[in-house]
Amino acid sequence: MNDTALSAAEAQQDIADEFAFFSDWSERYQYLIDLGRKLPEFPESLKREEFRVHGCQSQVWLVPEGDAACMRFRAISDSAIVSGLIALVLRVYSGRSAQEILDTEPSYIEAIGLAKHLSPTRSNGLVAMLKTLKGYAAEALADVA
């Protein structure tokens, strides 16, 4: 899913370029839904409270793997659009070092106009997802220190 040959900044630029291709938001929402459908299989056994992202209206689970040198994430939602948002988050952040995760601001959100087109509850959920992901990165760095 994530081409780690790309930097986080390049991944964000690719996302912006892809979304620029669509002329309206109904097409962009459909693309988000399609991205969410392509998420890898997520085992039921990982749908545990400890991995649930709080602050999302829909159910979201985010599971960290790896260490501070290279963190990978698996995630899923019971919402089609939120699953698409997860796919974008994973493209930017999964397969990166904990430090790069902490240093990378999600500029693609503004670049593709997501901030203006998400409902307040989905925006809050996206913020909660990013906060949780960065929290995992901070924990991984703390474990090294």
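**View 1. Helix 1 packs against four helix neighbours: helix 2 (25-37), helix 3 (80-93), helix 4 (98-103) and helix 5 (108-111).** The packing is made by the buried residues of helix 1. Contact means heavy atoms within 4.5 Å. Helices (H or I, at least four residues) and strands (E, at least two) are DSSP runs, numbered from the N terminus. This is a predicted model: local features need pLDDT of at least 70, side-chain atom pairs need 80 or more, and totals for chains, interfaces and linings use all residues. Residues are numbered from 1 along each chain as its sequence is written, and side-chain values use heavy atoms, without hydrogens and water.

**View 2. Helix 1 has a buried side.** Ala8, Ala11, Gln12, Ile15, Ala16 and Phe19 are buried (under 20% relative accessible area, 1.4 Å probe, protein chains only). These residues lie on the same side of helix 1 because they cover an arc of only 140° around the axis, taken from the directions from the axis to the C-beta atoms. Ala9 and Ala20, on the other side, are exposed (over 50%).

**View 3. Aromatic rings pair up.** Rings of Phe, Tyr and Trp (its six-membered ring) pair if their centres lie within 6.5 Å; planes under 30 degrees apart count as stacked, over 60 as edge-to-face and the rest as tilted. This rule gives five aromatic pairs. In one, phenylalanine 22 and tyrosine 31 have ring centres 5.0 Å apart and planes at 40°, so the pair is tilted. Phenylalanine 22 and tyrosine 31 are both buried. Ring pairs join Phe19, Phe21, Phe22 and Tyr31 in a cluster.
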